[in-house]
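Open the model in your viewer and switch to a cartoon view. Keep side chains ready to show. We will make three stops.

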Amino acid sequence: MNDQDKFKQIRSKSKSLIDRGIIQRFSRISYDVIWNIILFFIVIGIIGLFFIGGVGAGYFASLIKDEPLRSSESMVNAIYNYEETSEIYFANEVYLGEVSSDLHREVTALDQVSDDIIHGIIATEDEYFETHEGIVPKAILRAVFQEVTGSNVQTGGSTLTQQIIKNQILTNEVSFDRKAKEIILAMRLEKFMDKDEILEAYLNIVSFGRNANGRNIAGIQTATEGIFGLDADEVNLAQAAFLAGLPQSPISYSPFTNSGSIKSEEGLEPGLKRMETVLSRMLQAGYITEEQYEEALEFDLVASLAERQPTTHDKYPYLSEEIRRRTEIIIKEKLALEDGYTLEELQSNEELNEQYQMYAARELSQGGYKIHTTINKELYDTFQDVTANYNNFGRDKTAINRLTKETIMTEDPETGKLVPLVQQQQAGAVLRDNKTGAILAFVAGRDFEKDNVNFATATTRRQVGSTAKPLIVYGPAFEEGTLQPGSVIADVSFTYSDGSGSWSPTNFVAGRYYGLVTARTALAQSYNVSTASAYIDLLSGHNPVPDYLVKMGFDHFSEENYSYASNALGTFDATVEENTDAFSTFANKGKFVEGYMIETIETVDGETIYQHESEPVEVFSSQTSYLIIDMMRDVLTSGTGRTARASLSHPNVDWAGKTGTTNDFKDAWFVALNPNVTLGTWMGYGYEQPLDDGYSGRNQAYWAQLVNAATEVAPDIMAPSKKFEQPDGIVKRSFSLASGLIPSDITKSLGLVGSDIFNSKFVPKKEDYSLIKGNYIMIDGKAVAPGKNTPSEFTQGNGVMFNPEWLSDMGYDKLNDINQLIPANNSIWNNVKFPNSEVGKVKDDGKKPNAPRSLSKSGNTLSWSKSSSNDVVGYRVYRAKSPDGKFSLYKSTTDTSINVGKSSGVYQVAAVDYFGRESKRSSSFVDGSSDKDNHKNHKDKDDKKDNKNKDDEKDEKSKSDKKDKEDKKNNDNDGDRDNKDKSNDDKSNDSATNKDDNDQSNSDQSKDDDDE
């Protein structure tokens, strides 16, 4: 069968099947099955879409549930909240400049902007701007898909409207929550503002990177002026395209670094590539022709960049930064309080604090505020000039890491290599009004570009050293009554243990102690040991840190450090401002007033939203404050601050102050006040290197130069003619320089009487009993009151010694070296002796002392060896004309030698103890031309006699036991003799003009911890 026949056969069968309806039935069944399957999946798909949509809608609704329904007025006001950069004013309405904020902005109108800029922005940032209603759904879905899938390509989905919402109403937080709110608010905003209004707002809001000064900029007018030196309607196509490309990544595309220099060729490339992209999109959108496109690509954009221009920040970098910092804090707290948060919540919640810090920065940069400060322009400028021209700073030093001792490296901007960091010595200073707390001027550092660290008023704290002494030791001690200026403190070696360890304070000269000194002298000369001793006494009943120091603004160190005894010497930290504030407390009669710099903040409409109000805190009484001031006057006249006073052009101004130095000489301080102002200065290195020799003198001279220069421009402030006013309750009294008590006849007779002022509540009420007058004897090099049976021939007449009872009461009897109590280089104390610490309890061994031995003569001096007994008070020398002659008492002495002249004779010596017992006599010493044989015979007899005495010693002892015991009994209470004269005529000496111990100490040229 051929093919034709086969075909006919197949056709015939098919026709038969069709005629019978078999094929039709099969096709219909297949169609029904397939359609039902398709219909099933369509229904399932629709249900799935509704489900997913419902879930998505529900999720979207949950994201925006907390977003309030904003009115058109509130939204529009928020969008237009970019009208002006805030302005700063010196005191007395003197204009300073614009706020140094993160963003600098100048506002312009849309008709003042080049069409090329507008077209470039639309072509690259929002191609559907003219037609969408706030969002582009497909762009949002694309962005969501890329986010969910983790795509490397992130095209974004924000319209210009959305970007405005993000910048002006919401935050830069990256979250679905913020994005959802952005979408709903953008759609709502489109109903309240037309397209031109939205576009104008965008151009004034968006960031454009940095200008030629390195400052962050926002707004198109600010950008054109800061990058090309042109207005927004003057740029050409290439410049417009470059600007239009910046908002996508302002810092990366910016042609300038943060210092204002033009980036390298490599650094400029991203911005130039972005410009080409913008031009390409403008061409595709039909905004420009091919010819314009090619011409723009040929333009030398880099050559058209603007040059750096002087700004407020350039002239006043430290000041503008500090004002910005303080203003942001004020606004941050204001905004948080308005939103229902407390300051405690703001400070304890880091995330909340950062959020409101961002709000405050935005508010300041956009709010157009007028910020009025306390800074006196003339004084501030003067302080900067003095600092710039001061020629006695320490040398530059390589920075060293204090912990690792390794050199700190930095990148050389020219070579890019790491080189050792060399730092200059820094300085900080703060001048403030005592009464109000207004900061009039400050010095934050020597070079903002090099260091960019505020060493005066920000948060850079350093140990305060000895400037702490009036604040934490003497002020609190005067207030509590444990000390007064005339109180006597022992500057002697001691070790203090409080459970956390042992501490042995030292003075500036290690191993040097100053004995019994007054509180006035200890502060003026800045003695460490006596100050530490006074502080430890104070700690036994009071803790000055929470009771006094914290009230004066030192609230930044932990409570576990409150009890450290070393706080007395200033081991805690403070800024120059904080330390200066604290010293002003004394000028304010004991009231602490915190320093401040922001006087008022006004809106662009003149409404005052902030007014500083001082809140004085009671710390000291007016009496305590005046006593401290009077003592600190001595610091400048005769103490460690003499260099400062000697350098003043107006030395008659009533200044009072305190020097300070810290461990390893890392910091030098001087803080002083007059009735109007307080000025504190500090010197040191950023990385805490040791200062060079002469550091204290350099700092004091710097302080004085600031005062002198400031006095020239503001004499009424810096050189008041009035003195500190002495309050009621201050009296003058005489006191004993030995104890600080009411002078006794003994202290008067010795000239140990000082005169000082006191708080009338705490004048001495007890008579001095530190010294006792009368005869004394020496035992083993120590002065001892004689016993009833002590031979008077060995006493030293009309002597004075410390009263053992007083030594015990003061705890001085426990000193390792009690001789440290005697002030150095003071002849008045030469006749004062120390008693044996066990006076009145000299141990009686019941035996006669051992005889001296080894008599010899050299020239006219007869000498012998010391008796081996410990209670010997002296020796009796017996003499005979010849060895056979009768011996009689020749002399008594407390020494081990006497002058016997040239005449011949024979000598014997006996030791006498505290209880009057005499030893056997020594072997004879023959002096002169006596017969040698007789001498020999007599020597033999003496030897035999000595042997016999040894044999009879027991008998002799038994005979004398009864008498010795009686003697011992009689002497048991010898130490109870009271030689004190309780004279009642002390009141007549209240006005005594005895020279103060401070004058006596002037002859002591040893320096304390603050002298060079």
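Select Glu 276, Leu 279, Ser 280 and Leu 283 in helix α12 of this predicted model. Now add Glu 290, Tyr 293, Ala 296 and Leu 297 in α13, which meet them. This contact is made up of 5 nonpolar, 1 polar and 2 charged residues. Zoom out to both helices, residues 265-284 for α12 and 290-298 for α13. Their axes lie 10 Å apart, and the packing angle is about 170°. Angles over 145 degrees count as roughly antiparallel, so α12 and α13 are roughly antiparallel to each other.

Next, select residues 350-366, helix α17. How far apart are its end C-alpha atoms? They are 24 Å apart, which agrees with the span expected for 17 residues at 1.5 Å a residue. Show the buried residues, among them Leu 352, Tyr 356, Ala 360 and Leu 364. An α-helix has 3.6 residues a turn, so residues three or four places apart point the same way. Colour the partners of the buried residues of α17: β3, α6, α15, α16 and β6.

Look at the N-terminal end of α17, where Asn 349 forms a cap. A side-chain oxygen of Asn 349 sits 3.1 Å from the backbone nitrogen of Glu 351. Then go past the helix to Gly 368, which follows α17 and has a positive phi, near 65°.

Last stop: select Ser 526, in the loop between α21 and α22. Is Ser 526 buried or exposed? Its relative accessibility is 1%, so Ser 526 counts as buried. Show Lys 469 too: its side chain and that of Ser 526 are joined by a polar contact of 2.9 Å.

Definitions and conventions
Residues numbered from 1 in each chain as written. Predicted model: local features only at pLDDT ≥ 70, side-chain atom pairs only at ≥ 80, totals over all residues. Heavy atoms only, no water. Helix = DSSP H or I, 4+ residues; strand = E, 2+ residues; numbered from the N terminus. Expected span 1.5 Å × (residues − 1). Buried < 20%, exposed > 50% of the residue type's maximum accessible area, 1.4 Å probe, protein only. Contact = heavy atoms within 4.5 Å. Polar contact = N/O pair within 3.5 Å; in protein donor to acceptor, adjacent residues only side chain to side chain. Axes fitted to C-alpha atoms, helices over the stretch in contact; angles between N-to-C directions. Parallel < 35°, antiparallel > 145°, perpendicular 65-115°, else oblique. Nonpolar A, V, L, I, M, F, W, Y, C, P; charged D, E, K, R; others polar.
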